[in-house]
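Biologist: Thanks for sitting down with me. Could you show me the structure, and then we can go through it question by question?

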Amino acid sequence: MQHRTLGTTGPQVSALGLGAMGMSALYGEADRAESIATIHAALDAGVTLIDTGDFYGMGHNELLIGEALRTTSEADRAKALTSVKFGALRDPDGGWSGYDGRPAAVKNFAAYSLQRLGTDHIDVYRIARVDPDVPVEETIGAIAELVEAGHVRHIGLSEVSADTLRRAAAVAPISDLQIEYSLISRGIEEQILPTARELGIGITAYGVLSRGLISGHFSRDRQLGAGDFRGMSPRFQGENLQRNLDLVDALRKVAESKGASVAQTAIAWVLAQGEDIVPLVGARRRDRLDEALGALDLTLDAADLTAIEEAVPAGAASGARYPESQMAHLDSER
Ligand SMILES: NC(=O)c1ccc[n+]([C@@H]2O[C@H](COP(=O)([O-])OP(=O)(O)OC[C@H]3O[C@@H](n4cnc5c(N)ncnc54)[C@H](OP(=O)(O)O)[C@@H]3O)[C@@H](O)[C@H]2O)c1
């Protein structure tokens with residue numbers, strides 16, 4: 001396994017992380033046994049970074065990861081690093097009702113996460129979206145106290161602007177910013193990525209396959225269940241979907257010329273954007289994980305990168321990356 005370091009103060013992690021969200025929420029039914037087998041396979045393959053959120057299935061995802069960690073080898077468990085998001089408020093029907101970044105809430109969320117994960121610390125802890133009613137300094141200050149007390153090792157951020165990165169980094173060392181970054185979501189390149197680099201903050205890139213859209217496995221006739229994020233995402237609707245899948249067809253030609261799959265090419269492109277970037281892959285099955293790990297063996301030279309960016313030019317995506325109501329919560333889009 002290749003490794004990368006999260007920022008100048010963060011941990012060394014595998015060059016690809018596993019995002020477990022889809023095993024509990026947002027992408028339709030998931031198979032519990034296969035999910036756990038996928039986490040075990042990832043750890044066996046040397047993946048050390050497992051990303052979750054306490055609100056993914058209202059604790060379901062953390063319990064799942066806790067079970068996977070309990071039932072793996074001691075050696076794999078010792079190497080596993082947990083990256084946990086908190087702050088999103090849910091209701092019993094699965095609804096979303098805002099964010100809570102108050103210091104007392106931060107510690108409350110952390111206490112429950114530690115129980116569900118069955119660990120004595122969280123490796124990287126971050127609020128999923130900044131709470132507009134609480135200065136980010138207060139939220140970061142509360143996590144810094146958790147670090148001081150040994151409950152958390154490193155502080156991360158998620159979907160924040162360059163300005164918020166600076167404010168947070170002035171309070172305590174920040175290991176990484178988790179943010180969407182892919183061939184069709186390149187918004188961070190202008191300001192956020194250069195600022196992260198200036199501050200020595202790493203990037204854990206999510207949505208590197210744009211939630212499956214640019215994986216090469218998505219098709220127009222895919223039936224999406226109720227509550228599947230993609231059923232509400234502008235990029236997966238009508239003509240947007242068709243135009244985006246046309247981009248995937250162009251990418252497929254480049255992938256074939258490299259003897260790689262579309263997903264591997266899309267992941268390898270993100271890996272090639274800098275040693276400070278760690279893609280999180282949202283594999284829910286072992287076959288998808290194997291495919292994703294294959295990206296680590298794909299070397300892209302300058303000509304390959306040019307061909308990929310000609311197939312999927314910056315800004316070519318049709319449709320915003322989130323529905324309008326959710327875009328409003330993205331500090332990174334301000
Ligand atoms: N900070 C944030 O705001 C935020 C937001 C979203 C996600 N995240 C984190 O980032 C992680 C990754 O995000 P994501 O799940 O949206 O990423 P993704 O990797 O872009 O999409 C994952 C989906 O792509 C499909 N897929 C097809 N081929 C694949 C392959 N070879 N490997 C992996 N997936 C493949 C799968 O869908 P099917 O199984 O349906 O085929 C899978 O559910 C999440 O699990 C979560 O931990 C963070």
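Modeller: Happy to! One term before we start: a residue is called buried when its relative accessible area is under 20%, and exposed when that area is over 50%. Please keep in mind that this is a predicted model.

Biologist: Then let me try the term out. Is M23 buried or exposed, and where does it sit?
Modeller: M23 is placed in the loop between β3 (17–19) and α1 (32–44). Its relative accessibility is 4%, and the cut-off for the buried class is under 20%. So M23 counts as buried.

Biologist: How many Å separate M23 and G141 in space?
Modeller: Along the sequence, M23 and G141 are 118 residues apart. From C-alpha to C-alpha, the distance in space is 31 Å.

Biologist: Let's turn to the annotation. Which residues does the UniProt domain cover?
Modeller: The UniProt entry, which is unreviewed, carries the annotation "domain: NADP-dependent oxidoreductase". In that span, 41% is helix and 17% is strand, and its end C-alpha atoms lie 24 Å apart. The annotation covers residues 16–311.

Biologist: Which residues come nearest to the ligand?
Modeller: There are 30 residues around the ligand. By class, this shell has 12 nonpolar, 9 polar and 9 charged residues. Those that come nearest are Y27, D51, R129, R222 and E291.

Biologist: What is the distance from a ligand oxygen to an N or O atom in the side chain of D51?
Modeller: Several polar partners can be listed for ligand oxygen atoms. A polar backbone atom of A20 is 3.4 Å from one, and an N or O atom in the side chain of R284 is 2.9 Å from one. For the side chain of D51, the distance is 2.6 Å.

Biologist: How much of the ligand's accessible area does the protein cover?
Modeller: On its own, the ligand has 890 Å² of accessible area. The share of this area that the protein covers is 98%.

Biologist: Which element gives the most residues to the shell around the ligand?
Modeller: Two elements give two or more residues to that shell, β12 (277–281) and α10 (286–293). With 3 residues, the one that gives the most is α10.

Biologist: On to the aromatic rings. What kind of pair do F86 and F109 form?
Modeller: The structure holds 7 aromatic pairs, and this is one of them. F86 is in strand β5 (residues 81–86) and F109 in helix α4 (residues 103–117), so the pair links parts of the chain 23 residues apart. F86 and F109 are both buried. Their centres are 5.7 Å apart and their planes make an angle of 40 degrees, and the pair is tilted.

Biologist: How far apart in sequence are the parts that F229 and Y322 tie together?
Modeller: This pair is edge-to-face, with 5.5 Å from centre to centre and 80 degrees between the planes. F229 is buried at 3% relative accessibility, and Y322 is buried at 5%. F229 lies in the loop between β11 (202–206) and α8 (238–257), while Y322 lies in the loop between α11 (302–311) and α12 (324–327), so the parts they tie together are 93 residues apart.

Biologist: Which residues form an aromatic cluster with F55?
Modeller: Here the rings come together in one aromatic cluster. The partners of F55 in it are Y56 and W96.

Biologist: Which side chain does the side chain of S113 contact?
Modeller: S113 is found in helix α4. Its relative accessibility is 0%, so it counts as buried. Its side chain makes a polar contact, at 2.6 Å, with the side chain of E62.

Biologist: What is the phi of E159?
Modeller: Most residues other than glycine have a negative phi. E159 sits in the loop between β9 (152–158) and α6, and it is buried, with a relative accessible area of 0%. Although E159 is not a glycine, its phi is positive, at about 50 degrees.

Biologist: And what value does phi of R211 have?
Modeller: R211 is in the loop between β11 and α8. With a relative accessible area of 10%, R211 is buried. R211 has a positive phi too, and the value is near 65 degrees.

Conventions:
Residues are numbered from 1 along each chain as its sequence is written. This is a predicted model: local features need pLDDT of at least 70, side-chain atom pairs count only at pLDDT 80 or more; totals for chains, interfaces and linings use all residues. Side-chain values use heavy atoms; hydrogens and water are left out. UniProt positions are given in the numbering used here, feature names are shortened, and annotations may be inferred rather than shown by experiment. Helices (H or I, at least four residues) and strands (E, at least two) are DSSP runs, numbered from the N terminus. A residue is near a molecule or strand if one of its heavy atoms lies within 4 Å of it. A polar contact is a pair of N or O atoms within 3.5 Å; within protein, one must be able to donate a hydrogen and the other to accept it, and residues adjacent in sequence count only if both atoms are side-chain atoms. Accessible areas come from the Shrake-Rupley method with a 1.4 Å probe; for residues, only the protein chains shown count as cover. Ala, Val, Leu, Ile, Met, Phe, Trp, Tyr, Cys and Pro count as nonpolar, Asp, Glu, Lys and Arg as charged, and the others, Gly among them, as polar. Rings of Phe, Tyr and Trp (its six-membered ring) pair if their centres lie within 6.5 Å; planes under 30 degrees apart count as stacked, over 60 as edge-to-face and the rest as tilted. Buried means under 20% relative accessible area, exposed over 50%, partly exposed in between (1.4 Å probe, protein chains only).
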